[in-house]
Amino acid sequence: MMKRGEKNHHHHHHVINPSFLCFWLLFMLGWISRSSNSIGCNAQEEEEKFRFGARVYNTSSDAVSGKLNVHLVPHTHDDVGWLKTVDQYFIGSNNSIQVAAVQYVLDSVVAALQEDRNRKFIYVEQAFFQRWWREQTPRKQKIVQKLVKRGQLEFINGGYSMHDEAATHYVDMIDQTTLGHRYIKQQFGVTPRIGWQIDPFGHSAVQAYLLGAELGFDAFFFARADYQDLQKRRKDQTMEVIWQGSKSLGSSAQIFAGVLSHHYEPPSAFSFDIDSTNPPFQDDPRLSDYNVPELVDLFVEYVQNQSKEFRTNHLMWTMGDDFAYEYANTWFKQMDKLIHYVNLDGRVNALYSTPSIYLDAKYAANETWPLKTGDFFPYADKAHCYWTGYFTSRSSLKGYVRKLSGFLQAARQVEFLVGKNLRNGGPNTDKLEEAMALLQHHDGVSGTEKQHVANDYAERLAVGSAEVSLIAKHIPMKLFVCKRTDSWLLQCFLLNISYCPTSETELPFGKSLIVVVYNPLGWTREEYVRFPVSSAALEVIDGAGNSIPSQLVPLPKSAYRLRKLYVDGNDVSVADNSLPRFHLVFSAVVPPLGYTTFRIHKASSSSTTTSHPYVSMESSTAEMLRAPSTVQLTSGQIELSFSGTTGLLTQLRNANTGKATALQQSYCWYNGSDGRTAEDPYQASGAYVFRPNTSTCFPLKSSDESMTVFRGPLVEEVHQSFAPWLSQVIRIYKDAEYAEVHFTVGPIPIDDSLGKEVVTRLTTNLTSNKEFYTDSNGRDFLKRVRDQRTDWDLIVKEPIAGNYYPLNLGIYLKDNTTDLSVLVDRAVGGSSISDGELELMLHRRLLHDDGRGVGEALNETVCNSNGECEGLTVQGTFYINIGPSEQSAQWRRVHGQKVLMPLQFAFSVLEDGNGGVIQSPEFSAMNPHYELPKNVAILTLQEVYDDDDSKVLLRLANIFEVEESESLSKSATVDLQALFSNREIDEVEEVSLSANQKKSEMRKKLQWRIEGAAAAGDSSHKNTPHGDPMIKNTPRRDPMIKNSSCGDPMIRTKYMVVLAPMEIKTFLIEF
């Protein structure tokens, strides 16, 4: 099956080998060899006859030394959503789009494997397998377990989905892999050992070292590499390498990595699917079209040519394709014949195999291998086809995924805190966890699926998050009070359109709005929070009962339009006079792994801390040029300057260093190609591909710009409009070291029949020398050089698209002393097209399909209740910092963690007389006065079950790389017991990253020989082992302490762990 622009294979015609004429004569006599290694006239007497017309094929071959060994790996690639939804793919419905039914693939394969013990098959996508497994009878399950035990069926990769590697964050990649790996371990007692990322559109360093080596994988295979890179690798025999993806972990986290030779399908003549047009092996000489000699010759020719591109005498053929093996007999019957006749011919050796068997053969060859560092981005499959558009495609969906990622992590923590009894039929996080795992698929968060599939994904996220929100209803009972209360906490999932009925409630005297702010990080956080309110003159009371400063800021104009459109579209009636007038802003100090409550009520006339309204408003438009020549915003740490005539940002000054840096921010759009070009005339810009018509980014006209300034004691904001469809708010909070930019883009106009790819640019005078840095899945930062690749001499064909890279955390550039850094709130594409300049692609609306399989233009629309539709509007936030390199490095990591796991809010309205029910207005799960080191973050705190025993899954990460920060690129020590103030740890077991095996029982890593220096590029720090193993100190018992009227006794036992830079440690804890 052809998918996503893969090249066609050509059939070859051959003259029949004369030796086969004798072989044909043997067939006329009914003879066939079962054991001979050659085909010829010297057939042995012990050759068996066909009995009753039945042919017996010898498929029992193993690898043979001295011959080329072809490892035939039967597989199917099953997208968990792409052209059809995941359920449609599983069931086999909606076949007018694509004929595919995974349930029949698995049914058919299991039956075929039972017919011959030599047959093998690998399976990958656990979202499908788990659906199928739950439907099987105990008898069928035992058969499958036996197939797994015998090695006939092997789980490869093992994640819930085959995740994308550009638009995914490493936390979500770990989560979805864990969901698959733990299920496999529970049902079959096995752990996958091979990574299999055969369809993602480019490959990340984090995938290699973290989601590969650190999972315990021995190898990682993939199918896509840049066409220029691939040409060189085929020539140099570097299709297989030792990949060191982390400069911090170096050779300790390296992995064998291989590019597949024929994409992930066999050469076209050997595709044997039920709908294949290829001639099958016709080996009965009594019938016409006998073709065994021709096919064997063709096979040998392919193999001998492929052997010139690979080292050792072992080659892999992937025998499968998208949703292959729905009728498995067509594949296995032909492969039986292929193995039999190829081995009788004797020139090469063919065998049923798996990637694990293939890898072991490679390792046993004791070959030397080239070293690979960095990653495989960006990916192009031909000169004008860079798959860099999907870094931004479906930006709203990408934002939704990232928002719910932080929500899921916080919800798991709360689920653990309120007690496991909620798992017994009550609301839980499972549905959201599965939805998030699906969305990590390379046609999910990537934005490369059909629109109806994107709708299905979004609905799954919404349903899952709605169930999780019910957990919050139990918080008052579990954490606030010792007795039941009828006061529930509600969450507002539509704050992005300034809609929160609970917070907007009118607050007459006698009623209070209760706001619970939860902090999922292991550090105390002081951050400014905001949400819509309808009342003015409000007073905010913190958890200690103190009245604290607050500020009211008017909503931007775009917020009213979006609120009306989307609230009406959801059949929620909102009267115009009920629209919120302000965002209420105040500072929230929240303890680690805990919450603080705030009470908001109407201020009395005597209050001295009434919410402070904005104090000035200045306007600047093309028609009103009397405004000041410069408008300034200040936080105390930074100062922003804006031109009074253009309204554009012009300068950022760091108050601590006194250094001012010229900084311009603007918007422009690339015209997406419609494919009508002289060069590559049919290649349009689309969901996958970014192909601008020219290198020009068309600026938005300055005559459309306007600016309004709001000032107050806590935040200062500039509201700007660049076009009727593009506006932004730039704000700086008191004492902040960064500027926050909240953008609203859309509906992108297409009345001129031009597709548009909207970009914001930040321009400075920093001398960056073509260099900039982008993150790998939110983890390591990789150095990029414009128009260059580290592995080959790049021939530049697309100077814009060919320099785009995926961002999940951010992007920065630097000169000798200063960094310009931008952090993002979702996956986007970004680049540095000119020195001193960064750009982010924020939204795309295109009118043509790019020919990569999805069959739709990326033209997202939204409709109101009257059926009137318009282009989708995207809102998002990015953060700008300019400062000395050391401070900037710290800001990127620490603030980036806050963006990843934001504060979570829950609301309730109480009569003032009921305020006393909140007996614990502040709470932290951690020991008093204990915080994690600033270079350590909690990634996962989740209640899990092993054989019905409840355990806690805890992941801790050192978030700094080596040499990134002078003060924080160091090992850090964590006291595990201090994380759980109310529970005594009974047992701690360090486990693998996906928590499917004990760390102490993991396979020893294979040691590979590397060309040149044994660890080329390694410096001393790279080969240092990970942080010291967990040190269990002698238990130290403190007296039993009651920490609250309804708290459990607190007994501390000290467990210390050390995390080296970029190290993640995973534990299963019992209390």
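## Getting started

Helices and strands here are DSSP runs, numbered from the N terminus: helices are H or I with at least four residues, and strands are E with at least two. By that rule, Val944 is found in strand β48, residues 936-946.

You're looking at a predicted model, where local features need pLDDT of at least 70, side-chain atom pairs count only at pLDDT 80 or more, and totals for chains, interfaces and linings use all residues. Residues are numbered from 1 along each chain as its sequence is written, and side-chain values use heavy atoms, with hydrogens and water left out.

## The whole protein

The protein has 17 helices and 55 strands. Of its 1071 residues, 63% count as buried, meaning under 20% relative accessible area (exposed is over 50%, partly exposed in between; 1.4 Å probe, protein chains only).

Now for contacts, meaning heavy atoms within 4.5 Å. Take those with a separation of 6 or more: residues 24 or more positions apart account for 76% of them.

## A closer look at Val944

Back to Val944 in β48. It counts as buried because its relative accessibility is 8%. Leaving aside residues up to four places away in sequence, Val944 touches Arg182, Asp949, Ser950, Lys951, Leu953 and Leu1068. Leu1068 sits 124 residues from Val944 along the chain, and their C-alpha atoms are separated by 8.8 Å.

## Where α6 meets α13

Helix α6 (residues 170-188) and helix α13 (residues 430-439) have axes that come within 9 Å and cross at roughly 110°. Axes are lines fitted to C-alpha atoms, for helices over the stretch in contact, with angles running from 0 to 180 degrees between N-to-C directions. So α6 is roughly perpendicular to α13, a label for angles of 65 to 115 degrees (under 35 is roughly parallel, over 145 roughly antiparallel, the rest oblique).

Who does the touching? From α6 come Asp172, Gln176 and Leu179, which meet Glu433, Glu434, Met436 and Ala437 in α13. These residues divide into 3 nonpolar, 1 polar and 3 charged.

## Helices α9 and α17

Helix α9 covers residues 292-307, and 12 of its 16 residues are buried, so the rest of the structure largely encloses it. Among the buried ones are Val292, Leu298, Phe299 and Tyr302. At 1.5 Å a residue α9 should span 22 Å, which agrees with the 22 Å between its end C-alpha atoms. The expected span is 1.5 Å times one less than the number of residues.

Helix α17 (residues 885-900) also has 16 residues, with an expected span of 22 Å and end C-alpha atoms 22 Å apart, in agreement. Its buried residues include Trp891, Arg892, Arg893 and His895.

Technical notes: Nonpolar A, V, L, I, M, F, W, Y, C, P; charged D, E, K, R; others polar.
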